[in-house]
Each structure stands twice: as C-alpha cells, then as structure tokens.
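User: I would like to learn how to read the features of a structural model step by step. Could you take me through one, giving the general idea before each case?

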Amino acid sequence: MTCYDRRDLGLLLLRLGTGGVLAAHGAQKLFGWFGGAGIEGTGQFMESVGYRPGRLNATASGLAECGGGTLLALGLATPAAGAAAAGGMAGASAVHLPNGFFNAEGGFEYPASLGMAATGLAVAGPGRLSLDHLLGDRLNRGWMIPAALGVVAAGAAVVVGTRNKRVRQEAQLGGQDALFEE
C-alpha cells in the first residue's frame, strides 16, 4: 500500500479547486448553467469584444474551460488539460488587460491566476491521487508538457493577436470621420 504525502494531497486540493472553478465557468458558456449565457449569449459577447466568429470562439473557450477544468479536477491528461485551460484564460486576460491588474476594476487578475494555476498543474503533474496515476501516467508523460503548452501557446497567440489587431483597427475606424456622406 502506497502512503500519500502532503504533496499529493496539496495537488489534489489545487486540482479540485482550480478545475472545479474552470469547469463551472465553462459550463456557463456551453450550457447556460449557473446563471451563464450559454453558447448564443456568450457568442454575442465574444463578438462584442473582438473574438470572431463569436459562436465558434464561445464554443472553443467553453470547451477549454469546462473540459480542461474537469480533466484537471480528475487528474486525467493533466498536461493537455492544464494547457487548454491556460489557453482559455490567456484569451480572457486579453479582454481584461486594458482595465489593469485588479479584478475589482475589471482587470485580468482572476483569469491570470486561474491560467497560472492551470499551467502550474500541467508542469507539476497531478500527484498520486489522480486518474493519471491510476492509469500508469499514460496521458501524463514528460514530453507531453512542453508539447501541450507549446501548441496551446501558439494557438492562443494567433487567436489573441488576431483579436487585438481587429480591436485596434475598429478603434481607429471609429475615431475617423466618414469619407463620404450618405
């Protein structure tokens, strides 16, 4: 019989807390649970903040949060789960960045904290109180950590970069006078 140490218990608590919050947040987007807007409402919001097409981005964000969070809580496919959740939080942080750091002012404190916790779990691993450990770490290999984080970082950079470019262009167009009157 294996004795679990405090590191395993700490990782379990961190996974359950972080994964649970992410899963609930994603369920708001995907299913409208917990007072969320569902895909339609979230898609409209995504459009309004520059993530287009809104419905596709709402689905991707909801899956990253709900799926990644659920897998983190279970300790299953931890590198991919943590990377997916972190990527979703990078997109959310980009929306909140203009408001500064603190959440009380609408800043990026909250999504950045969730993203860093998810990244930390992807790197540290799930511990022995996890499905990954139970399954012999088949979905939690060392090479999977940089692969998952690298793929998600590249994808998030493209999505956030495209969104930021669109927002800048729309701000410039909104500040200019029309060339032709109708």
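The dialogue below goes from the overall fold to the pocket, the salt bridges, the surface and the backbone.

User: Let us begin with the fold. How many helices and strands are there in the protein, and what pattern does the protein follow along the sequence?

Analyst: A reading of the fold begins with the secondary structure elements and their order. Keeping in mind that this is a predicted model, we find seven helices and zero strands in the protein, so that the pattern read along the sequence is α-α-α-α-α-α-α, given that helices are taken as DSSP runs numbered from the N terminus. The C-alpha atoms fill a box of roughly 80 × 35 × 30 Å when taken along the principal axes, and of the 182 residues of the protein, 38% count as buried.

User: Next, the largest pocket. What is its volume, and which residues lie nearest its centre?

Analyst: A pocket can be described by its volume, by the residues that line it and by the elements that supply them. Here the largest pocket has a volume of about 670 Å³, and its lining consists of 31 residues, of which M46, S61, E65, G88 and A92 lie nearest the centre.

User: Which helices supply the lining of the largest pocket, and what classes of residue does the lining have?

Analyst: At least two lining residues come from each of α1 (6–31), α2 (38–48), α3 (54–74), α4 (78–96), α5 (109–124) and α7 (144–174), while α4 gives the most, with eight residues. Sorted by class, the lining has 18 nonpolar, 11 polar and two charged residues.

User: E65 lies among the residues nearest the centre of the pocket. With which residue does E65 form a salt bridge, and is E65 buried or exposed?

Analyst: For a salt bridge, one looks at the closest atoms, at the places of the partners in the chain and at their accessibility. E65 is paired with K29, their closest N and O atoms being 3.0 Å apart. This pair links distant parts of the chain, with K29 in helix α1 and E65 in helix α3, 36 residues apart. E65 has a relative accessible area of 1% and is therefore buried, and K29 is also classed as buried because its value of 13% falls under the 20% limit.

User: How many salt bridges does the structure hold, and where are the partners R128 and D5 placed?

Analyst: The structure holds six salt bridges. One of them joins R128 to D5, with the closest N and O atoms 3.9 Å apart; R128 is in the loop between α5 and α6 (131–134) and D5 is in the segment before α1, so the pair links parts of the chain that are 123 residues apart. With relative accessible areas of 25% for R128 and 39% for D5, each partner is partly exposed. D5 and R128 also belong, together with D8, to a network of salt bridges. A further bridge is formed by R55 and E40, whose closest N and O atoms are 2.0 Å apart, and this pair connects helix α3, which holds R55, to helix α2, which holds E40, across 15 residues.

User: Turning to the surface, which residues make the nonpolar patch?

Analyst: A patch is read from its area and its members, and then from the setting of a single member. L74, L131, L134 and L135 make a nonpolar surface patch of about 350 Å². Of these, L74 is placed in helix α3 and counts as partly exposed, because its relative accessibility is 39%.

User: Finally, the backbone. Which peptide bond is cis, and where are F34 and D137 found?

Analyst: Backbone torsions are read bond by bond and residue by residue, together with the element in which each residue lies. The peptide bond from R52 to P53 is cis, with omega near -5 degrees, and P53 lies in the loop between α2 and α3. F34, although not a glycine, has a positive phi of about 55 degrees; F34 is found in the loop between α1 and α2, and its relative accessible area of 60% is why it is called exposed. D137, again not a glycine, has a positive phi of about 55 degrees. D137 is in the loop between α6 and α7 and counts as partly exposed, at 24% relative accessibility.

Methods:
Residues numbered from 1 in each chain as written. Predicted model: local features only at pLDDT ≥ 70, side-chain atom pairs only at ≥ 80, totals over all residues. Heavy atoms only, no water. 1 Å grid on protein atoms, 1.4 Å probe; cavity = no way out; pocket = protein on both sides within 12 Å on 5 of 7 lines; lining within 4 Å. Points joined across faces, edges and corners; volume = space filled by probe spheres on them. Helix = DSSP H or I, 4+ residues; strand = E, 2+ residues; numbered from the N terminus. Nonpolar A, V, L, I, M, F, W, Y, C, P; charged D, E, K, R; others polar. Patch = residues over 30% accessible without salt bridge, like charges linked within 9 Å, V, L, I, M, F, W, Y side chains within 5 Å. Areas by Shrake-Rupley, 256 points an atom, 1.4 Å probe, with all protein chains shown as cover. Salt bridge = Lys/Arg side-chain N within 4 Å of Asp/Glu carboxyl O. Buried < 20%, exposed > 50% of the residue type's maximum accessible area, 1.4 Å probe, protein only.
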